[in-house]
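Colleague: Could you walk me through this one and tell me how each label was earned? I'd like to see the reasoning as well as the result.

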Amino acid sequence: MSFSLLRDARKASLAAGSERVQIPRRLLLKMAGAAAGAAALSSSGARADDAVPPADNEWSQSLGAGVVDQPYGKPSSEQAGVIRRNVPWLTAGTESSISFSPLQSLHGIITPNSLFFERYHAGRPDVEADKHRLMIHGLVDRPIILTMKDIMRFPSTSRIHFIECPANGGMEWRGAQLNSLQFTHGMVSCAEWTGVKLSTLLEEVGLKKDAKWLLVEGADGAHMARSLPLDKCLDDCLVVYAQNGEALRPEQGYPLRLIVPGWEGNVSVKWLRRIKVGDKPWYTREETSKYTDLMPDGKSRGFTWLIDAKSVITFPCPEVPLSGPGLYEIRGLAWTGNGRIKEVHVSTDGGANWRQAELKEPVLSKALTRFTIPWRWDGKPAFLESRAVDETGFVQPTLAALRKVRGTNSIYHNNSIQTWQVKPDGSIYDVQLG
Amino acid sequence: MSSSANLLPVMFAAALLAVNAVPALAAGAHKPFGYGTPATAEQIKGWDIDARGDDGKGLPPGKGDVNHGAEVFADQCASCHGTFGEGEGRYPKLAGGNGSLTADRPEPTVGSYWPFAVTLWDYINRAMPFPTPRTLSADDVYALTAYILNLNNIVPADFVADKESLPKVKMPNHDSFSWQDPRPDTTMKPCMTKCVDPSTLKIVSTAEGKDLTPRTTGPLDDMQPK
């Protein structure tokens, strides 16, 4: 009797910490009588600083929250710092800007929907799905307007693909600037996308014989628009309404977006509302003024859509240093728009010697691929690097090799090898070697 | 009696079709699903906003001159882009930068970088003004286009922009663009041992101490523009 009373009192005192839990009146009355016992327990029970074996923890000696306490689940409150972050000095405001995924705190190839990097050109529209329409017209036999219900009736496909903004790493062309994995590489994320093949929709409307290009356009204020060659559209593009099993997030284009696997993220137009079929590209602002690569001779490259092979070590990194000499598992991510990652090599001496890392299943086409390699750190200074090789045999270049061809002003498509400097205290810094 | 006897083969054929329908669908048969509704000419007209950069296809009727463009610009655009397109704060600079593309710090603007004049019309029409896109008339968009081209000394002060004149404007940087991706443009070999002499390695750049990195723990940083 006294034991159960004590337990009830503990439960009640824990519950009192939560505004959402109503303490039954009957229990409150019992608590008065149990006050002495409860005080005795708190003096002999677990404290925060010794809440390890042999002591027990509070959460192991009490009743937890019930189902639907959080009807839409949330991470542990201890993970509150694991969030998308921006570089406030980079852009005029947040509406035409970017945020970075916290790669240093993620552990798989799938980016949680809440942490998927963002890129907006006119802010995030709050689209009402029942008012959203997809219009397909131009050089087609049957121009149509589709509701979301219509789109969901078509045969569905799910695939896992990364999206990378081609400006990922763009701030590092001239030199190491940002001491952070999140800010040097966080404009890449990966999800399982579900929707309908673009080829199915194009078959539905019937292409006229002159059809060679598509204009894809968003419903946001920027009416973000890009031209895409028909071959790619018929090959592997998807028009998707779901991301990692749930409806797209507004940040990712709710209720409908395009996925152009392996190509620069900008062409995977969000809030997709119009597809126009034509015979030539449109040369929109986003494929002329932006998303073109300025070379050292003043010439510019346009329509550089492909994401070339790239990799980065995600542990250790500036945000997650080493905690003393000993055996570690170096971990990282690799990706390529050219299909599958074939190999990843890791160097701990600044690129003098390399070892082949283990690729972790699944190794999917145009998806993030995890790699690991064991490393016994002797506590001495080290330079950690990773180098991806894709199934075409393309080898991820050094920054020096890229700069030799492209200079330092091309902003986009910096897929160079990242160097992390390891200091004797285990701290990690973003550096470039010469 | 004879009618019900005739029905049998029809039903049998229908059943066969139903069985066949699934693999045919999976194989991508050309028979349309028939979902959605036909887009009417009026519906298409409302959303068909694009104007093609290289030949102006899609430009609507209407016109605008440099002087009117200056008025609209002062009213609608100057607060971000500056009265003469010089750009306020971190908002884009629209004019100047000529000859800067090979400089250490290039200034890509409409005048120094953009390859097509019609793209300017298309972009203003689809995305500007930034807080209130799609609120300008076609005439105002033509006028703004004329004004910005004039700011860049690409068209004279008496230029009138319309669907005939705009595609004929030759942009100074037009010929500097190639539209074929030349990559791969690096050919690294996957060397595995003794690839470089470690004693020659030195740090040529470090992010340490640069004070450019927003914090990556705790609440979001509000680090101010530098």
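Colleague: How do you know that strand β21 and strand β22 of chain A pair, and in which sense?

Modeller: First, a friendly reminder that this is a predicted model. Two strands count as paired when there are at least two bridges between them. Residues 382-390 of chain A make up β21 and residues 419-422 make up β22, and these strands share four bridges, so the requirement of at least two is met. Their sense is antiparallel. L384(A), for instance, stands opposite W420(A) of β22(A).

Colleague: Which strands form the open sheet, and in what order?

Modeller: The order is β18(A)-β17(A)-β21(A)-β22(A)-β23(A)-β5(B), six strands with antiparallel pairing.

Colleague: What makes β18 of chain A and β5 of chain B edge strands?

Modeller: Each has a single partner strand, so one side of each is left without a neighbour in the sheet. In numbering, β18 covers 355-356 of chain A and β5 covers 203-206 of chain B.

Colleague: Why is strand β15 of chain A described as largely enclosed?

Modeller: Six of the six residues in β15(A), residues 310-315, are buried, so the strand is largely enclosed by the rest of the structure. β15(A) is joined by five bridges to β16(A), residues 326-335, and the two run antiparallel. One of the bridge pairs puts I313(A) with G332(A) in β16(A).

Colleague: Let's turn to helix α3 of chain B. What makes its buried residues line one face?

Modeller: The residues in question are V66(B), G69(B), V72(B) and F73(B), from a helix that spans 66-76. Viewed down the axis of α3(B), they fall within an arc of 115°, so they line one face of the helix. An α-helix has 3.6 residues a turn, so positions three or four apart point the same way.

Colleague: Which exposed residues sit on the face turned away, and what covers the buried residues?

Modeller: N67(B), E71(B), A74(B) and D75(B) are the exposed residues on the face turned away from the buried side. The cover over the buried residues of α3(B) includes β2 (63-65), α4 (78-81) and α6 (138-151), which belong to chain B. At the start of the helix, a side-chain oxygen of D65(B) comes to within 3.4 Å of the backbone nitrogen of N67(B).

Colleague: Why is the contact of D279(A) with R52(B) called a salt bridge?

Modeller: The cut-off is 4 Å between a side-chain nitrogen of Lys or Arg and a carboxyl oxygen of Asp or Glu. For D279(A) and R52(B) the closest N and O atoms are 2.8 Å apart, so the pair qualifies. The pair crosses between chains, from the loop between β12 (272-278) and β13 (293-294) of chain A to the loop between α2 (41-47) and β2 of chain B. D279(A) is partly exposed at 34% relative accessible area, whereas R52(B) is buried at 5%.

Colleague: How far apart are the closest N and O atoms of D55(B) and K280(A)?

Modeller: They are 3.1 Å apart, and this pair is a salt bridge too. D55(B) lies in the loop between α2 and β2 of chain B, and K280(A) in the loop between β12 and β13 of chain A. D55(B) is partly exposed at 31%, as is K280(A) at 26%.

Colleague: How many salt bridges does the whole structure hold?

Modeller: The search finds 35 over all chains.

Colleague: How do you know that C191(B) and C195(B) form a disulfide?

Modeller: Their sulfur atoms are 2.1 Å apart and the limit is 2.5 Å, so the pair counts as a disulfide. The count over all chains is one. The link is left-handed, with -100° about the S-S bond. C191(B) is partly exposed at 30%, and C195(B) is partly exposed at 25%.

Colleague: Why is C165(A) not bonded to C190(A)?

Modeller: The sulfur of C190(A) is the closest cysteine sulfur to that of C165(A), yet it is 16 Å away, too far for a bond. C165(A) is buried, with 6% relative accessibility.

Colleague: And what about C233(A)?

Modeller: C233(A) is in no disulfide, and the nearest cysteine sulfur, in C237(A), is 4.9 Å away. At 1% relative accessibility, C233(A) is under the 20% limit, so it counts as buried.

Definitions and conventions
Residues are numbered from 1 along each chain as its sequence is written. Chains are lettered from A and ligands numbered from 1 in the order in which they are written. This is a predicted model: local features need pLDDT of at least 70, side-chain atom pairs count only at pLDDT 80 or more; totals for chains, interfaces and linings use all residues. Side-chain values use heavy atoms; hydrogens and water are left out. Buried means under 20% relative accessible area, exposed over 50%, partly exposed in between (1.4 Å probe, protein chains only). The arc is that of the directions from the helix axis to the C-beta atoms. Contact means heavy atoms within 4.5 Å. A polar contact is a pair of N or O atoms within 3.5 Å; within protein, one must be able to donate a hydrogen and the other to accept it, and residues adjacent in sequence count only if both atoms are side-chain atoms.
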